[in-house]
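Biologist: Could you take me through this model? I would like to begin with the overall picture and then move to particular sites.

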Amino acid sequence: MDSTQSIPNEEIHDLKEGLGDGLVKAIKQLQEGMNGLQKHQKITNSTLQQFLEQINVITSLPKNRRVIGGVLLVGGGVLLFTAYMIKNRLQNKSLEDKPRSLPMHPSAEPVQILLPEPWRKIHPTETDIPKIKEFYRRKIVDICHDKGMKLNILLLGEGASGKSSFINSCQTALGQSGSISQIATVLDGSSDSVTKHLEVHGMQVKDDGGQEHIPVRLFDCRGLLDEKRGVQTQDIINICDGHVKDKYEIRPDTPINISDPKYREKSRKKDKIHCIVYVMDAQNQNGDNFVGQKVRDQFEEVKRYLSRSGNPQLTLLTKIDRLGIRHMDKIFYDQRVKECCEMASSFLGFSLGCVLPQANYCEEVIPSVEKDLITLFNIWKIMESAKSYVQKTSAMTESVPM
Ligand SMILES: Nc1nc2c(ncn2[C@@H]2O[C@H](COP(=O)(O)OP(=O)(O)OP(=O)(O)O)[C@@H](O)[C@H]2O)c(=O)[nH]1
Ligand SMILES: [Mg+2]
């Protein structure tokens with residue numbers, strides 16, 4: 001039966017007027033809303049317009065209620081689908097407009113952070129890290145074979161900058177015992193300096209015949225802090241000049257008294273410091289302020305004093321692992337480490353070559369070749385500087401028991 005015959009003409013007209021116009025109105029409203037979203041999406045306008053016309057045509061046909069209902073259902077579905085697609089396209093477009101995150105290097109470091117060439121070459125070949133490690137250990141041992149030479153190194157820096165941890169890292173890398181050395185005391189979260197005495201640490205290296213001492217002594221010192229808690233500049237100068245003996249308790253309020261049993265009145269050349277290392281925390285690059293003003297002033301005073309005697313002065317930039325570096329074997333490719341070293345170099349007025357980035361052992365339970373390698377390179381570099389100073393001044397002509 002022809003379906004139009006069962007519906008009176010007026011009814012069809014009303015239906016068309018009612019549903020058709022209502023639908024057209026709704027579509028128009030939706031279209032207006034979408035136009036706002038579609039600044040860049042001309043395609044959507046024409047799609048909607050075509051759809052609108054189709055609906056108009058269909059609703060004007062004299063069909064029965066079921067046909068019209070079906071049309072509305074399908075039309076509504078298509079409409080929702082179209083709106084969904086438009087929304088997705090607009091979202092994708094806005095994501096495309098945002099700056100992309102950095103493309104990743106195969107090693108998962110962003111490429112512009114890892115430089116194509118190392119900013120500092122620390123070893124001749126890069127293919128076999130354990131072999132390179134051995135190369136530096138051998139160089140360090142060879143320094144020792146130079147006619148009983150003794151090298152005194154003073155580590156000077158703010159409290160918690162990593163002085164004692166560096167001593168432990170050196171012994172770990174040199175000792176090859178398979179565990180982390182704890183010859184110097186390191187504690188977390190102390191507001192005062194953990195190291196309160198002048199502590200002189202000898203180093204041992206594992207050689208073919210077992211452990212043997214090497215003629216380097218690392219002087220650990222109370223941290224520089226404020227007037228109430230830090231080491232006094234006069235004490236630092238006395239240490240550099242060899243007047244302070246091992247285990248002297250450094251008092252923040254007063255420098256060593258010449259009547260103190262730990263005061264060495266007549267210091268010999270072998271008691272003096274042959275290289276001073278300013279230890280700074282790489283995380284503290286607040287602008288370019290690695291240390292507070294009080295500590296900076298003390299550094300400057302010590303620098304001025306030592307520059308008269310030509311004593312080598314280096315900077316150890318600790319905690320570089322906290323700069324967000326994932327692969328410790330990539331630190332000399334890392335732009336962040338380079339920039340941090342440059343800041344440290346201009347902060348203290350030393351050349352970039354005098355700044356040594358360091359990542360100490362702190363949470364590990366076993367040593368890693370990468371940290372061992374950095375540490376060995378740094379201690380070797382420090383010892384080389386001390387050695388040339390000693391040679392230059394002929395300071396160490398006598399043999400000294402460790
Ligand atoms: N992540 C990281 N932590 C470090 C590093 N060096 C030291 N630390 C941590 O920093 C804190 C202080 O280290 P210490 O070695 O005691 O510092 P210090 O300069 O001897 O401090 P004082 O003796 O208090 O003057 C400890 O929690 C160490 O584990 C490093 O290179 N990386
Ligand atoms: Mg300490």
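Modeller: What follows goes from the overall fold to the core, the pockets and the metal site. Please keep in mind that this is a predicted model.

Biologist: How many helices and strands does the protein have?

Modeller: The secondary structure comes to nine helices and six strands. The protein has 402 residues, of which 45% count as buried.

Biologist: And of the contacts between residues at least 6 apart in sequence, what share joins residues at least 24 apart?

Modeller: That share is 70%.

Biologist: Let us turn to the interior. Which residues touch the most other members of the largest nonpolar core?

Modeller: They are Leu154, Leu156, Ile239, Met280, Phe299 and Leu317, in a core of 81 residues. Helix α9 gives the largest share of this core, 10 residues.

Biologist: What is Leu154 in contact with, leaving aside its neighbours within four places in sequence?

Modeller: Its partners are Phe219, Cys221, Ile236, Ile239, Cys240, Ile273, Cys275, Ile276 and Val277.

Biologist: Some of those lie in α6. Why is helix α6 described as largely enclosed by the rest of the structure?

Modeller: Helix α6 spans residues 233-240, and seven of its eight residues are buried, so the rest of the structure largely encloses it. The buried ones are Thr233, Asp235, Ile236, Ile237, Asn238, Ile239 and Cys240.

Biologist: What covers those buried residues of α6?

Modeller: The cover includes the strands β1 (151-157), β3 (210-220) and β4 (275-281), together with helix α7 (293-307). After α6 comes Gly242, which has a positive phi, near 85 degrees.

Biologist: Now the pockets, please. What is the volume of the largest pocket?

Modeller: Its volume is about 770 Å³. There are 32 lining residues, and Ser165, Val186, Leu187, Asp188 and Cys362 are the closest to the centre of this pocket.

Biologist: How does that lining divide by class?

Modeller: The lining of the largest pocket has nine nonpolar, 15 polar and eight charged residues.

Biologist: And how much space lies in the second largest pocket?

Modeller: About 270 Å³. Of its 17 lining residues, those closest to the centre are His123, Asp329, Phe332, Tyr333 and Leu373. The elements that give two or more residues to this lining are α4 (129-144) and α9 (369-393), and α9 supplies the largest share, three residues.

Biologist: What classes of residue make up the lining of the second largest pocket?

Modeller: By class, there are 10 nonpolar residues, one polar and six charged.

Biologist: Changing topic: which protein donors does the magnesium ion have?

Modeller: The magnesium ion, ligand 2, has Ser164 (OG) and Thr195 (OG1) as its protein donors, lying 2.1 Å from it. Ser164 belongs to helix α5 (residues 163-175), while Thr195 sits in the loop between α5 and β2 (199-207); the two are 31 residues apart, and the pair links distant parts of the chain.

Biologist: Is Ser164 buried or exposed? And where does Thr195 stand, buried or exposed?

Modeller: Ser164 counts as buried because its relative accessibility is 8%, under the 20% cut-off. Thr195 is buried as well, with a relative accessible area of 8%.

Biologist: One last site. Where is Gly324 placed?

Modeller: Gly324 lies in the loop between β5 (313-318) and α8 (335-348). With a relative accessibility of 42%, Gly324 counts as partly exposed.

Biologist: What distance separates the C-alpha atoms of Gly324 and Arg336?

Modeller: They are separated by 8.7 Å, and the two residues are 12 apart along the chain.

Notes. Residues are numbered from 1 along each chain as its sequence is written. Chains are lettered from A and ligands numbered from 1 in the order in which they are written. This is a predicted model: local features need pLDDT of at least 70, side-chain atom pairs count only at pLDDT 80 or more; totals for chains, interfaces and linings use all residues. Side-chain values use heavy atoms; hydrogens and water are left out. On a 1 Å grid over the protein atoms alone, a cavity is a set of points where a 1.4 Å probe fits but cannot get out, and a pocket is an open set with protein on both sides within 12 Å along at least five of seven lines; lining residues have an atom within 4 Å of a point. Grid points are joined across faces, edges and corners, and a volume is the space filled by probe spheres set on the points. Ala, Val, Leu, Ile, Met, Phe, Trp, Tyr, Cys and Pro count as nonpolar, Asp, Glu, Lys and Arg as charged, and the others, Gly among them, as polar. Helices (H or I, at least four residues) and strands (E, at least two) are DSSP runs, numbered from the N terminus. Donors are N, O and S atoms within 2.8 Å of the metal (3.2 Å for Na, K and Ca); water is not among the atoms, so sites may look incomplete. Buried means under 20% relative accessible area, exposed over 50%, partly exposed in between (1.4 Å probe, protein chains only). A nonpolar core is a set of buried Ala, Val, Leu, Ile, Met, Phe, Trp, Tyr and Cys residues joined through side-chain atoms within 4.5 Å. Contact means heavy atoms within 4.5 Å.
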